[in-house]
Amino acid sequence: MPIKIKKVLLNTLIVVITMSVFLLLTPINKAFAKKVTPEFDAHTQEKQAVKSYLMGKFNPSKHPAFAKVPRKYASRSGFYLREEALDAYKKMAKAARKEGVKLIIRSATRNFDYQKRIWERKWRAQKKSRSAKNKALHILKLSSMPSTSRHHWGTEVDLNAFNNKWFETGRGLKLYKWLTKNAENYGFSRPYTQKGKQRPTGYNEEKWHWSYTPLSIPMIRDARLVLNDASITGFSGSQTAKQIGVVKKYILGVSQSCQ
Ligand SMILES: [Zn+2]
């Protein structure tokens, strides 16, 4: 075959191959574009999953990352914590016991439904004459709105007594001093310290509430990114979340050591 014809044939072949590749790639490109969308969806879904978790919309007894608190560490059975938090808590409780301090878990994880029962019971007990906002503010002195409690996260424990005074004398004071000195070595810190310059907004002081910060600090950082007042719905008085600015004032209104 003369070289010229060979060259023409070769060129034709190149054109045909290029066109075929182009035609073949067009649907692939389309498919790729489609693939990108699910990736965006996955990202949105992930954000949604983080949001649901932080808002306590799951059952801790069925969640794979949670473990049941053995009865001997608590005032009753049926409490759950994130596994890492429970491991650290056990170490802390054992160390405290050696020094004559008996730590008792009085409350641990409470999901949205649980918190909703607490909140609505308190809501019904409010004076009828109070405005919705004032009812909410009154309850918020000590209790969280469903969706906004740190107890949703599986990282929080309430210890021994729901009463600051108990921690100010005798056995309570000894326990409190022990925790203040040692808890941070096990990862625990108090989010609800005295209100003032350091912590101008949020719940009143709770000497019984301790947080496992290796997990709860990343969670509060996520909370800052994904939670908003508008998504707090589904219980009596939830419309006040926005008026009050619950996310900023309460969820983020914690001590420096917890953020
Ligand atoms: Zn608490």
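Let's start in the sheet: strand 3 (residues 105-107) and strand 4 (residues 156-159) run antiparallel and are joined by 2 bridges. For bookkeeping, strands here are DSSP runs of E with at least two residues, helices are runs of H or I with at least four residues, and both are numbered from the N terminus. Two strands count as paired if DSSP finds at least two bridges between them.

This is a predicted model, so keep the cut-offs in mind: local features need pLDDT of at least 70, side-chain atom pairs count only at pLDDT 80 or more, and totals for chains, interfaces and linings use all residues. Residues are numbered from 1 along each chain as its sequence is written.

**The sheet**

Across the first pairing, Ile105 stands opposite Leu159, and Ser107 has Asp158 as its bridge partner in strand 4. On to the next pairing: strand 4 and strand 6 (residues 209-212) share 3 bridges, again in the antiparallel sense. There, Val157 faces Trp210 of strand 6. Put together, 4 strands make an open antiparallel sheet in the order 3-4-6-5. Strand 3 and strand 5 (188-189) sit at the edges with a single partner strand each, so one side of each has no neighbour in the sheet. Helix 6 (residues 213-226) lies across strand 5 and strand 6, at about 85° to strand 6; that angle, on a scale from 0 to 180 degrees, is between N-to-C directions of axes fitted to C-alpha atoms, for helices over the stretch in contact.

**Helix 5 and its two faces**

Helix 5 (residues 170-182) has 13 residues and reaches 18 Å from first C-alpha to last, close to the 18 Å expected at 1.5 Å a residue. That expectation is 1.5 Å times one less than the number of residues. Which residues of helix 5 are buried? They are Leu175, Tyr176 and Leu179. These cover an arc of only 100° around the axis, which puts them on the same side of helix 5; the arc is that of the directions from the helix axis to the C-beta atoms. The face turned away from that buried side carries the exposed residues Gly170, Leu173, Lys177, Thr180 and Lys181. Buried means 20 or more other C-beta atoms within 10 Å of the residue's own, exposed means 12 or fewer, and partly exposed is in between, with C-beta atoms placed from the backbone.

**The core**

The largest nonpolar core has 50 residues, and Val69 and Leu81 have the most contacts inside it. Such a core is a set of buried Ala, Val, Leu, Ile, Met, Phe, Trp, Tyr and Cys residues joined through C-beta atoms within 7 Å. Leaving aside neighbours within four places in sequence, Leu81 is in contact with residues including Phe66, Val69, Tyr89 and Gly154. Contact here means C-beta atoms, placed from the backbone, within 7 Å.

**Two loop residues with positive phi**

Most residues other than glycine have a negative phi. Here are two that don't:

| Residue | Phi | Loop | C-beta neighbours inside 10 Å |
|---|---|---|---|
| Ser147 | near 90° | between helix 4 (132-139) and strand 4 | 28, buried |
| Asn160 | about 60° | between strand 4 and helix 5 | 21, buried |

**The whole chain**

Zooming out, the protein chain has 8 helices and 6 strands. Of its 259 residues, 32% count as buried. Among contacts between residues at least 6 apart in sequence, 73% join residues at least 24 apart.

Terms used
Two residues are in contact if their C-beta atoms, placed from the backbone, lie within 7 Å.
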